Amino acid sequence: MSGRGSRPALAVLAAAAVLALAGCGGSDSSSDSGASGSSGAELSVGAAYIPQPVSASMAAGFLTITNEGDADDELTSVTSEAGDVTVHETVDGTMKEVDRLEIPAHGRLVFRSGGNHLMFEKLKRQPKQGESVTVELHFAQSEPVTVEVPVKAATYQPGDGHSAHTGN
């Protein structure tokens with residue numbers, strides 16, 4: 001799915017999958033928006049959310065990128081009209097910005113509280129619970145994927161066990 005005309009459809013699919021994932025009970029089903037490139041990667045994005053930020057200028061974002069394809073890919077950047085977005089990984093309790101993260105073939109890249117996450121900085125305005133923030137994920141091989149990320153309560157924790165996944 002690529003091209004400018006598919007972006008609204010991807011957003012609708014993303015929102016629907018987030019709702020569907022809320023009751024998945026830890027299963028591996030996650031397929032709301034996808035992109036596939038000539039690399040053989042087959043990417044989909046699910047379980048996306050942003051806890052309502054307490055800061056007017058910063059927020060964190062979480063999601064899962066699943067690769068059902070036969071080839072690895074890499075998340076290389078994330079962009080949003082909401083502000084600057086950087087990708088962070090957490091290793092041994094230490095957070096650091098990275099320029100790419102691998103999405104293994106037949107595996108997942110999980111962004112969760114206490115682990116890998118998106119950091120929104122220099123927000124143009126503070127997003128509120130019930131709103132959505134549009135992000136575009138950019139990959140080394142696959143076409144970009146646009147996702148509508150819902151803003152949840154500041155205390156929101158995924159109730160389906162996804163926050164406990166250590167991810168591949």
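In what sense do strand 5 and strand 6 pair, and over how many bridges? They pair in the antiparallel sense, over five bridges. Pairing here requires at least two DSSP bridges between two strands. Keep that hairpin in mind; the tour returns to it.

**Before you start**

This is a predicted model, in which local features need pLDDT of at least 70, side-chain atom pairs count only at pLDDT 80 or more, and totals for chains, interfaces and linings use all residues. Residues are numbered from 1 along each chain as its sequence is written, and side-chain values use heavy atoms, with hydrogens and water left out.

**Whole chain**

Show the cartoon. The protein has one helix and eleven strands. Helices are DSSP runs of H or I with at least four residues, strands are runs of E with at least two, and both are numbered from the N terminus. The order along the sequence is α-β-β-β-β-β-β-β-β-β-β-β.

Switch to the surface. Its accessible area is about 8,100 Å², and 49% of that belongs to carbon and sulfur atoms. Areas come from the Shrake-Rupley method with a 1.4 Å probe; for residues, only the protein chains shown count as cover. Of the 168 residues, 47% are buried. Buried means under 20% relative accessible area, exposed means over 50%, and partly exposed lies in between, with a 1.4 Å probe and protein chains only.

Now look at contacts, meaning heavy atoms within 4.5 Å. Among contacts with a separation of 6 or more, 67% involve residues 24 or more positions apart.

**Stop 1: strand 5 and its partners**

Select residues 84-91, which form strand 5. Add residues 94-98 for strand 6. Val87 has Val98 of strand 6 as its bridge partner. Two residues lie between the strands of this hairpin. Pick Asp92 there: its phi is positive, near 50 degrees.

Next add residues 117-121, strand 9. Strand 9 runs antiparallel to strand 5, and five bridges join the two. Val85 stands opposite Phe120 of strand 9.

Stay on strand 5 and select Glu89. Is Glu89 buried or exposed? Glu89 counts as buried because its relative accessible area is 17%. Beyond its neighbours within four places in sequence, Glu89 contacts Thr94, Met95, Lys96, Val98, Leu101 and Asn116.

**Stop 2: Leu101**

Follow the contact from Glu89 to Leu101. Leu101 sits in strand 7, residues 101-103. With a relative accessible area of 8%, Leu101 is buried. Show the residues around Leu101, leaving aside those within four places in sequence: Asp73, Glu74, Leu75, Val87, Glu89, Leu109, Phe111 and Asn116 are in contact. Then draw a distance to Ser77. The C-alpha atoms of Leu101 and Ser77 are 9.2 Å apart, with their positions 24 residues apart along the chain.

**Stop 3: the aromatic cluster**

Select Tyr49, Phe62 and Tyr156, which form one aromatic cluster. How many aromatic pairs does the whole structure hold? A search finds two. Rings of Phe, Tyr and Trp (its six-membered ring) pair if their centres lie within 6.5 Å; planes under 30 degrees apart are stacked, over 60 edge-to-face, and the rest tilted.

Take Tyr49 and Phe62. Their ring centres are 5.2 Å apart and their planes meet at 40 degrees, so this pair is tilted. Tyr49 belongs to strand 2 (residues 42-51) and Phe62 to strand 3 (residues 58-67), 13 residues apart. Both residues are buried.

Turn to Tyr49 and Tyr156. Here the centres are 4.8 Å apart and the planes are at 75 degrees, so the pair is edge-to-face. Tyr156 lies in the segment after strand 11 (145-152), so the pair ties strand 2 to a part 107 residues away in sequence. Tyr49 is buried at 5% relative accessible area, whereas Tyr156 is partly exposed at 27%.

Add Lys152. This residue lies over the face of Tyr156, 5.3 Å from the ring centre. Such a charge counts if NZ of Lys or CZ of Arg is within 6 Å of the ring centre and within 35 degrees of the ring normal.

**Stop 4: positive phi**

Most residues other than glycine have a negative phi. Select Ala47 in strand 2. Its phi is positive, about 55 degrees. Ala47 counts as buried, at 18% relative accessibility.

Finish at Lys122, in the loop between strand 9 and strand 10 (132-139). Phi of Lys122 is also positive, near 55 degrees. Lys122 is exposed, with a relative accessible area of 64%.
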